[in-house]
Amino acid sequence: MFSTLSAYAGDPILSLQLAYRDDERADKVNLSIGLYYDEQGRIPRLNSVQEAAKVVNASTAPCVYLPMSGSPAYCRAAQGLVFGADSEALQAGRVATIQTLGGSGALKVGADVLRRFFPGSAARISGPTWDNHRAILEGAGFEVDVYPYFDHASQRLDFDAMASYLRTQPEQTVVVLHPCCHNPTGAELSTQQWDEIVAIVIERRLIPFLDLAYQGLGESFERDAYLVRALASANVAFLVANSFSKIFSLYGERCGSLSMVCANADEASRALGQMQQAVRRNYSSPPAHGGHLVETVLLDPALRAMWEAEVAEMRGRIHEMRGRLHEGLLRHHPDYDWGFLLAQSGMFSYAPVLAPHMDRLIQAHGVYIIESGRICIAGLNNQNVDRVAKAFASVLKEATAA
């Protein structure tokens, strides 16, 4: 019956995780998958989350299905973090929000809603972007193409090319944007550049679809949400998917949300209904436990302050490791311009110059990166950062000598 089924090649990043798991070398380093590790090389359990777990686990309430849109308290908490507690759009009831199966679930639901009501629209993603953006949008039925974003020669953001391309796009084109901590490049827009993008969106009547997976790990919770709040203040209709996986270290709990920002409260009510219908067709309702942890932290002032301090520590450690890697590379390979590392932000750095040497890095040095040259900076620590810098320098020198 199923003889015609084709084989699945697998996800390259997740497949690399299996190879890393089976690697028996004690000094192996995982810079491939987007996970935050602490200084001891462990995926942390945040103290704020552990305190919230005591509250959640003490509850004797029955474990029933959540509504299709999830916990109302969770949605309010997510809205406050993403849009700001004093957001005019929230006060006017113009934002419809649902709890989702992580950021991926939010992107899936949003793509389904957009495809249903804008069947003639195409979708545009940055070049490069997170691979699953294309998969989710194409799975929803969109024709997908890329807009210029990263200049490989300078290894930096190519804003002029990005802006010029978006000015050519037809009305109602869906444009996926990373408000902060761009995945995979770490190349960021300034607030002035985001203001220019907002103006282009308004002029061309585009549909922004924001993927906010790392709020708080770039510069601050407020700065990392600048684009979200700028679009809302400009009365633009848009969608924003956000994830709590990284900033709560709750990867397996699949906590995310999807918000649609509309012209008025009546439109938002209808948008909520369409998101609920898309959820019903996909997975019916979100899981409860992780969401209860997130809402408990965000809505309790003491736990919220503890959590924000923990995220600030994570952000600071990532920034420190980026600087340490840059210093090590200057020491081990001073002939190459590594300045692009310091121009990037967030969990990732992007070094296409290393892409051809992925296999050599893994086989000879036990340093795992992905084939594009993306590096997860959060996998570095004071014990391995210099060895990683030395490995990067070594493979480049070998290639030059050959």
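Buried means under 20% relative accessible area, exposed means over 50%, and partly exposed is in between, with a 1.4 Å probe and protein chains only. By that rule Arg167, at 36% relative accessibility, counts as partly exposed. I will come back to Arg167 with the salt bridges.

First, the ground rules. This is a predicted model, where local features need pLDDT of at least 70 and side-chain atom pairs count only at pLDDT 80 or more, while totals for chains, interfaces and linings use all residues. Residues are numbered from 1 along each chain as its sequence is written, and side-chain values use heavy atoms, with hydrogens and water left out. When I say helix or strand, I mean a DSSP run, numbered from the N terminus: H or I with at least four residues for a helix, E with at least two for a strand.

I start with the sheet. Seven strands make up an open sheet with mixed pairing, in the order E2-E10-E9-E8-E7-E3-E4. Strand E2 (95-101) and strand E4 (144-148) are at the edges with a single partner strand each, so one side of each has no neighbour in the sheet. On average, neighbouring strands of this sheet are turned by 25 degrees against each other, direction ignored. Two strands pair here if DSSP finds at least two bridges between them.

Now look at E10, residues 255-261, which pairs with E9, residues 238-243, in the antiparallel sense over six bridges. Within that pairing, Phe238 stands opposite Val261, and Ser243 has Gly256 as its bridge partner. E2 also runs antiparallel to E10, joined to it by seven bridges. There, Val95 stands opposite Val261.

How many of the seven residues of E10 are buried? The count is seven of seven. In a regular strand the side chains alternate between the two faces of the sheet. On one side of E10 we have Cys255, Ser257, Ser259 and Val261, and on the other Gly256, Leu258 and Met260, all buried. Helix H12, residues 265-282, lies across E2 and E10 and runs at about 15 degrees to E2. Axes for such angles are lines fitted to C-alpha atoms, for helices over the stretch in contact, and angles run from 0 to 180 degrees between N-to-C directions.

Next, helix H3, residues 72-83. Its twelve residues reach 16 Å from the first C-alpha to the last, close to the 16 Å expected at 1.5 Å a residue. The expected span is 1.5 Å times one less than the number of residues. Nine of the twelve residues of H3 are buried, among them Tyr74, Leu81, Val82 and Phe83. After H3 comes Gly84, with a positive phi near 95 degrees.

H3 also brings us to Glu295, in helix H13, residues 289-299. Glu295 is buried, at a relative accessible area of 13%. Leaving aside neighbours within four places in sequence, Glu295 is in contact, meaning heavy atoms within 4.5 Å, with Ser71, Ala73 and Tyr74.

A second glutamate, Glu310, has its place in helix H14, residues 301-332. Which side chain of opposite charge is nearest to Glu310? That is Arg45, 10.0 Å away, and Glu310 is buried yet has no salt bridge. For charge, Lys and Arg count as positive and Asp and Glu as negative, with His and the chain ends not counted. Not counting residues up to four places away in sequence, Glu310 touches Leu46, Asn47 and Ser48.

Last, the salt bridges, each a side-chain nitrogen of Lys or Arg within 4 Å of a carboxyl oxygen of Asp or Glu. The whole structure holds 16 of them. Here are some.

Arg21 and Asp22 meet at 3.1 Å, N to O, and Arg21 is exposed, at 56%.

Arg167 forms a salt bridge with Glu196, with the closest N and O atoms 2.7 Å apart. This pair links distant parts of the chain, 29 residues apart: Arg167 is in the loop between helix H7 (159-166) and strand E7 (174-177), and Glu196 is in helix H8, residues 191-204. Glu196 is partly exposed, at 31%.

Glu398 and Arg360 also meet in a salt bridge, at 3.1 Å, N to O. Glu398 is in helix H16, residues 385-401, and Arg360 in helix H15, residues 358-365, so the pair ties together parts 38 residues apart in sequence. Glu398, at 32%, and Arg360, at 40%, count as partly exposed.
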